[in-house]
Amino acid sequence: MKQDRAIKPILEVLAGRRRAIPPVWLMRQAGRYLPEYRVVRSQVGSFLELCFTPKLAAEVTLQPIRRFGFDAAVLFSDILVVPYALGQEVSFESGEGPRLEALTDGRGLGLLRETIDANVVEPVYEAIACVKQGLAPEVGFLGFCGAPWTVATYMVAGRSTDDQAPARLFAYRDPAGFSRLIEILIVASVEHLVRQFEAGVDAVQIFDSWSGVLSPEQFCRWCVEPMREIVAGVRGRVPNARIIGFPRGAGSLLPHYVAGVPVNAVGLDWSIDRGFARGIIPGDVAVQGNLDPLALVAGGRALDSAVDAVLAAFADAPFIFNLGHGIAPETPIEHVQRMIARVRAYGGGGES
Ligand code: CP3
């Protein structure tokens with residue numbers, strides 16, 4: 001079909017080619033800052049019900065594309081769908097974040113399944129098929145999962161924590177048990193990502209939101225190594241799979257990640273020194289990021305100059321414009337519009 005050959009700017013950048021006007025999407029672009037999301041959310045009993053109802057998950061995935069014309073849609077789901085499909089109890093308390101049945105020791109591990117329950121995750125892949133029908137050919141479609149370390153922090157603590165201490169302690173006290181948990185998550189993540197590709201996503205992002213709390217040795221063991229295995233495992237089944245890695249907070253350890261994990265793009269958080277990151281990411285690997293989400297909340301001239309600084313720093317790289325972490329629920333919609341207009345006016349507004 002002619003449509004299938006339409007060029008998607010984000011895929012061109014993930015192939016290592018720079019676009020004069022960078023493609024743009026935002027982490028958590030489907031969510032509470034959108035009134036139309038809040039309407040759909042109020043129609044279901046729980047957040048997980050929204051994730052597992054294909055038509056509604058597809059609808060909220062498409063909402064930000066309709067409103068803003070982003071260059072990529074990101075599947076509406078959550079990284080904690082994986083522990084849920086491994087048999088752990090997961091729920092989301094309104095305004096309080098996730099609650100899981102905490103895995104405090106090796107015994108809890110024995111209760112997990114060896115791999116994800118296909119029946120539990122099936123609606124996620126059905127949602128992908130629904131989204132595909134509603135997307136214009138030039139819009140990319142991203143699936144995702146959490147990196148094993150980040151998912152493990154929630155599985156062990158049973159909730160969000162400030163410093164991920166429960167998982168770090170578990171890893172020091174029982175490295176063999178923790179390693180077993182990471183192994184289970186590697187297998188589950190590969191399966192979940194491959195199934196997303198088979199259902200129709202163009203690329204995936206792996207969120208390592210808590211990679212920044214680890215010592216250098218632990219960073220290599222619990223972030224870099226598992227990520228390397230996942231990338232190899234996915235590409236073994238989906239040759240040339242396009243993968244974006246997001247090691248949030250990696251900071252001075254970023255070179256280990258870049259050298260050890262052969263992703264197509266590295267997502268940067270807002271705290272990194274951009275020149276440092278630019279210097280260590282090879283020229284054929286795309287950069288994604290890294291506007292401070294609070295600059296987007298602030299708006300006005302502070303937003304304009306923060307956008308310009310990001311664009312200038314990555315002016316010579318294959319580049320995808322994004323935030324340095326998820327969009328804040330209090331973000332005004334006009335600020336998102338202003339940001340997109342500024343990114344697209346970059347380079348004089350000409351076509352690339
Ligand atoms: O980016 C997108 O628009 C796609 C959807 C998406 C969600 N979560 C929806 C969501 C994605 C990619 C995620 C990833 C995710 N989930 C991460 C990694 C990225 C990051 O933010 O660090 C993490 C750590 C989670 C776990 C999670 N889910 C937490 C800690 C929370 C509660 C905090 C919060 O922001 O409310 C969630 C809930 C969640 N996931 C919401 C959304 C839209 C809000 C819940 C609601 O609307 O009721």
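Leaving aside its neighbours within four places in sequence, which residues is threonine 61 in contact with? The views below start there and then move on to a hairpin, a pocket and a cavity, as they appear in this predicted model.

**View 1. Threonine 61 and its surroundings in helix 4.**
Threonine 61 sits in helix 4, which covers residues 54-68. Once the neighbours within four places in sequence are set aside, its contacts are Ala73, Val74, Leu75, Phe76, Val131 and Phe141. One of these residues also shows up in a polar pairing: the backbone nitrogen of phenylalanine 76 is 2.9 Å from a polar atom of the threonine 61 side chain. So is threonine 61 buried or exposed? It counts as buried, because its relative accessibility is 0% and the cut-off for buried is under 20%.

**View 2. The hairpin of strand 2 and strand 3.**
Here strand 2 (residues 90-93) and strand 3 (residues 97-100) run antiparallel, with four bridges joining them. To pick out one pairing, look for serine 91, whose bridge partner in strand 3 is arginine 99. Three residues lie between the strands of this hairpin, and glycine 95 takes a positive phi near 75 degrees.

**View 3. The largest pocket and what lines it.**
How much space lies in the largest pocket? About 1,300 Å³. Its lining takes in 41 residues, and those nearest the centre are Arg28, Arg32, Phe47, Asp78 and Phe92. Both strands of the hairpin come back here: strand 2 and strand 3 each give two or more residues to the lining, as do helix 2 (35-42), helix 8 (148-157) and helix 14 (293-298). Sorted by class, the pocket lining comes to 22 nonpolar, eleven polar and eight charged residues.

**View 4. The largest cavity.**
The structure holds one cavity of 30 Å³ or more, and about 40 Å³ of space lies in the largest cavity. Around that space you'll find Leu75, Ser77, Asp78, Ile79, Val82, Val124, Phe144, Cys145, His192 and Gln196. Two elements, strand 4 (140-146) and helix 10 (175-199), give two or more residues to this lining. By class, the cavity lining has six nonpolar, three polar and one charged residues. A couple of names are worth tracing between views. Leu75, part of the cavity lining, is also among the contacts of threonine 61. Asp78 lines the cavity too, and is one of the residues nearest the centre of the largest pocket.

Note on methods
Residues are numbered from 1 along each chain as its sequence is written. This is a predicted model: local features need pLDDT of at least 70, side-chain atom pairs count only at pLDDT 80 or more; totals for chains, interfaces and linings use all residues. Side-chain values use heavy atoms; hydrogens and water are left out. Two strands pair if DSSP finds at least two bridges between them. On a 1 Å grid over the protein atoms alone, a cavity is a set of points where a 1.4 Å probe fits but cannot get out, and a pocket is an open set with protein on both sides within 12 Å along at least five of seven lines; lining residues have an atom within 4 Å of a point. Grid points are joined across faces, edges and corners, and a volume is the space filled by probe spheres set on the points. Ala, Val, Leu, Ile, Met, Phe, Trp, Tyr, Cys and Pro count as nonpolar, Asp, Glu, Lys and Arg as charged, and the others, Gly among them, as polar. Buried means under 20% relative accessible area, exposed over 50%, partly exposed in between (1.4 Å probe, protein chains only). A polar contact is a pair of N or O atoms within 3.5 Å; within protein, one must be able to donate a hydrogen and the other to accept it, and residues adjacent in sequence count only if both atoms are side-chain atoms. Contact means heavy atoms within 4.5 Å.
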